[in-house]
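Thanks, everyone. I have one model to go through today, and I will keep to the fold, the cores, the ligand site and a few backbone details. Please have a look at it before I start.

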Amino acid sequence: MGRPYVFITRKLPDDIIAPIKDIAEVAMWPHDDIPVSRDVLINEAKKADALLTMVSDVIDQEVLKAGKSLKVVANMGVGFDNIDVPAATKYGIAVCNTPDVLTDTTADLTFALLLAAARRIVEAAQFIKEGKWKSWSPFLLAGVDVHHKTIGIVGMGKIGQAVAKRAAGFDMNILYHNRSRNIEAEKQLGATYCSFQELLATADFVVCLTPLTNETRHMFNREAFRKMKQSAIFINASRGAVVDEQALYDALVSGEIAGAGLDVFEHEPIDASHPLLTLKNVVALPHIGSATGETRTKMMELASRNIIAVLQGKQPETLVNK
Ligand code: DGY
């Protein structure tokens, strides 16, 4: 039997994939800023024993079925809504993700987004660079306070808990909603569990960190935005499709809520002409929650270790379909 064949859907640094090359033939899509084309992905899946994929790759039934000798799909991300996990399980293919290594980095970015939206940081930075600053003035670019306000975290997993830890440092009152109670966050950070409706009605900052599932798709809909305070700022650092973007746009335009900080969008990359990007009260980022050199390197290394483990018949570190 020959060496196993691994296909990597983006150009990753050679030193990081060297350990895979020690045990397998490796082919890689040659670009780091252009996603793999669908036909190349399917053709490669047909030959591959392992795929190292990005959260932007659609790994659906067609790809998985094509992978006759496919044993593992190692996704570079904690989220895996881009992969049809039930289909992978049906075909006996392991699906792995990269939790833990990105928790603090993503929490930092989420909190940065919250601060940026509250204190109008992007607007202010643009203002000064455009030469608009004529004088110090009492309400020039005045935002809203973050400290001592109420944060409502929807999705109190590891990243949610790390955001709560940052919020505690800002003396915030911490509410959360989750499928199950997070006793550690309650005990250590004084977080209070409440219903989704109660959180929406009470929080000054509503922070979405819930994974995208059939249950959470469009959970932030018209009704949800209507329940929020008019002064509320909505932050999304999980997945765009958890939000009905038209409803969010309407809520921002009509003043039902005050602002938003968005790192994720239903269709990525979002078109520059998208209505949400025309609003002054929206801070928008291109899905960079986990984007630091250190963390992205750790994510690549973990994905590589997962592939090596499966190809060597061992248990991968972070298997999704147990
Ligand atoms: C994840 O890990 O799921 C992120 O969204 C990718 O950075």
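I will take the two sheets in turn, then the packing, then the ligand and the odd spots in the backbone. Keep in mind that this is a predicted model.

Start with the sheet of 5 strands. This sheet is open, its strands pair in parallel, and the order is β2-β1-β3-β4-β5. Strands β2, residues 25-28, and β5, residues 94-96, each have a single partner, so one side of each has no neighbour in the sheet. From one strand to the next, the twist averages 15°. Inside this sheet, β1, residues 5-8, pairs with β3, residues 50-54, in the parallel sense over 3 bridges. In that pair, I8 sits opposite L52 of β3. Helix α12, residues 293-311, lies across β1, β3, β4 and β5, and it runs at about 170° to β4.

Now the other sheet. Here 7 strands make an open sheet, again with parallel pairing, in the order β8-β7-β6-β9-β10-β11-β12. At its edges are β8, residues 192-193, and β12, residues 282-284, each pairing on one side only. Strand β9, residues 205-208, runs parallel to β10, residues 233-236, and 4 bridges join them. V206 stands opposite F234 in that pairing. Helix α7, residues 158-169, crosses β6, β7 and β9, at about 165° to β7.

One residue in this sheet is worth a stop: G152, in strand β6. Is G152 buried or exposed? G152 has 27 other C-beta atoms within 10 Å, and therefore counts as buried. Leaving out neighbours within four places in sequence, its contacts are L175, L199, T202, A203, F205, V206 and V207. For L199, the C-alpha atom is 5.7 Å from that of G152, although 47 residues separate the two along the chain.

On to the packing. As a reminder, in soluble globular proteins nonpolar side chains tend to be buried together. In this model the largest nonpolar core has 56 residues, and V163, V206, V207 and I235 have the most contacts inside it. Helix α5, residues 103-119, gives the largest share of that core, with 8 residues. Take I235 as a case: beyond four places in sequence, I235 touches T110, L113, L114, A117, F205, V207, C208 and G261. Apart from this core lies another, of 43 residues, including L12, I20, V72 and C96.

Next, the ligand. Which residues surround the ligand? They are V55, G77, V78, G79, L102, G289 and S290. By class, this shell has 3 nonpolar and 4 polar residues, and no charged ones.

Last, the backbone. The peptide bond between E268 and P269 is cis, with omega at about -5°. P269 belongs to the loop between β11 and β12. Then there are two histidines. H148, in the loop between α6 and β6, has a positive phi of about 65° without being a glycine. H148 counts as exposed because it has 10 C-beta neighbours inside 10 Å. H287 also has a positive phi, near 50°, and lies in the loop between β12 and α12. With 19 C-beta neighbours inside 10 Å, H287 counts as partly exposed; the cut-off for buried is 20 or more.

That is what I have; questions are welcome.

Note on methods
Residues numbered from 1 in each chain as written. Predicted model: local features only at pLDDT ≥ 70, side-chain atom pairs only at ≥ 80, totals over all residues. Near = placed C-beta within 6 Å. Nonpolar A, V, L, I, M, F, W, Y, C, P; charged D, E, K, R; others polar. Pairing = 2+ DSSP bridges. Helix = DSSP H or I, 4+ residues; strand = E, 2+ residues; numbered from the N terminus. Axes fitted to C-alpha atoms, helices over the stretch in contact; angles between N-to-C directions. Contact = placed C-beta atoms within 7 Å. Core = buried A, V, L, I, M, F, W, Y, C linked by C-beta atoms within 7 Å. Buried ≥ 20, exposed ≤ 12 C-beta atoms within 10 Å, placed from the backbone.
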